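Please open the model in a viewer and keep the sequence panel at hand. The tour below proceeds by selections, each followed by an account of what is found there.

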Amino acid sequence: MRKLEERIMKDGTVLPGNILKVDRFINHMIDPVLFEDLANEFYEKFKDKKINKILTIEVSGIAIAYACGIRFNCPVVFAKKTSSKTLGDNCYRTEVFSFTKNRSYEVMVSKEYLDENDHVLLIDDFLANGKALEGLIDICSQANATVEGIGILIEKVFQKGGDHLRQQGYTIESLARIKGFTDDSVIFED
């Protein structure tokens, strides 16, 4: 999506270690008008699927998942990284590894919010090695829910997580595909 690529070029920052900082409009401060456009783009790509739930992982995926929930007119569920007294023990659980935080998390979704009747669109901000998505897919599998597709804002194609998931048969639509970085610039895949 050209609009997202232009925004990345304008407001994104390349950090050491193949990290793209997009805090000015996606991860820390959110541009609601841009998110509405991004959700519309995902809707166009997945409108023919029987989606009745959006699933993401906290924290950075929540905002775009929310925008998609409005566009698809369905609930948004997010996998939590911390347990609480209100969450209880009746949860699907899996472990995911965060590339940017360089650590593993146990994530969980209450069994109240996901089951075999759900046709799920997975939404996240980044796809690099695919570990967060593998965790969400595992949660859907535990719930016997159907993964209808995966929507990603920014995919780092050089890290191969997307290739691995596509080889497993998942439909992934990434709005910006990055094939590499220079010291201060982003190189997009055509």
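Which residues does L153 touch, not counting residues up to four places away in sequence? Select L153 in this predicted model and display its surroundings: L4, I26, L38, F42, I64, D124, D125, S174, L175 and A176 are in contact with L153.

**The nonpolar cores**

Extend the selection to the largest nonpolar core, which has 32 residues. Those that touch the most other members are L4, I8, L20, I54, I64, L153 and I154. Colouring by secondary structure shows where this core comes from: two or more residues are given by each of α1 (2-11), α2 (23-27), α3, α4, β7, β8, β9 (172-181) and β10 (186-188). A second core, separate from this one, comprises 25 residues, among them Y105, V120, I137 and C140. As a general matter, nonpolar side chains in soluble globular proteins tend to be buried together.

**Helix α4 and its end**

Select residues 62-72, which form helix α4. The buried positions in this helix are A63, I64, A65, A67, C68, G69 and F72. Against which elements do the buried residues of α4 pack? Their partners are the helix α3 (32-46) and the strands β3 (53-57), β4 (76-79), β7 (119-127) and β8 (146-156).

Move next to N73, which follows α4 and belongs to the loop between α4 and β4. N73 is not a glycine, yet its phi is positive, at about 55 degrees. Its relative accessibility is 70%, so N73 counts as exposed.

**Two cysteines**

Select C68 and C74 together. How far from the sulfur of C68 is the nearest cysteine sulfur? That sulfur belongs to C74 and is 8.7 Å away, and C68 is in no disulfide. Because a disulfide requires sulfur atoms within 2.5 Å, the pair does not qualify, and C74 is likewise in no disulfide. The count for the model is 0 disulfides. C68 has a relative accessible area of 0% and is therefore buried; C74, at 11% relative accessibility, also counts as buried.

**The pockets**

Display the largest pocket, which holds about 710 Å³ of space. Its lining consists of 30 residues, and S60, S98, T100, D125 and F126 lie nearest the centre. Which element supplies the largest share of this lining? Strand β7 does, with 4 residues. The elements that each supply at least two lining residues are β2 (19-21), α2, β5 (91-98), β7 and α5 (131-143). By class, the lining of the largest pocket contains 14 nonpolar, 7 polar and 9 charged residues. D125 links this stop to the opening one, as D125 is also among the residues that L153 touches.

Turn then to the second largest pocket, with about 160 Å³ of space. Select I30, P32, F35, E36, A39, N40, A63, Y66, A67, I70 and R71 to show its lining. Helices α3 and α4 are the elements that give two or more residues to this lining. Its residues divide into 8 nonpolar, 1 polar and 2 charged. A63 and A67, listed here, are also among the buried residues of α4.

**Backbone features in the loops**

Select E58 and V59, which are joined by a cis peptide bond with omega of about 10 degrees. V59 is located in the loop between β3 and α4. For comparison, most residues other than glycine have a negative phi, and most peptide bonds are trans.

Continue to N144, in the loop between α5 and β8. Although N144 is not a glycine, its phi is positive, at about 60 degrees. N144 counts as exposed because its relative accessibility is 55%.

**Two final selections**

Select E173 in strand β9. Is E173 buried, exposed or partly exposed? Its relative accessible area is 25%, so E173 is partly exposed. Leaving aside neighbours within four places in sequence, the contacts of E173 are F42, K45, F46, I150, G151 and I152. F42 appeared earlier as a residue touched by L153.

End at D48, in the loop between α3 and β3. D48 counts as exposed because its relative accessibility is 74%. A distance drawn from D48 to E106, C-alpha to C-alpha, spans 33 Å, while the two residues are 58 apart in sequence.

Methods: Residues are numbered from 1 along each chain as its sequence is written. This is a predicted model: local features need pLDDT of at least 70, side-chain atom pairs count only at pLDDT 80 or more; totals for chains, interfaces and linings use all residues. Side-chain values use heavy atoms; hydrogens and water are left out. Buried means under 20% relative accessible area, exposed over 50%, partly exposed in between (1.4 Å probe, protein chains only). Contact means heavy atoms within 4.5 Å. A nonpolar core is a set of buried Ala, Val, Leu, Ile, Met, Phe, Trp, Tyr and Cys residues joined through side-chain atoms within 4.5 Å. On a 1 Å grid over the protein atoms alone, a cavity is a set of points where a 1.4 Å probe fits but cannot get out, and a pocket is an open set with protein on both sides within 12 Å along at least five of seven lines; lining residues have an atom within 4 Å of a point. Grid points are joined across faces, edges and corners, and a volume is the space filled by probe spheres set on the points. Ala, Val, Leu, Ile, Met, Phe, Trp, Tyr, Cys and Pro count as nonpolar, Asp, Glu, Lys and Arg as charged, and the others, Gly among them, as polar.
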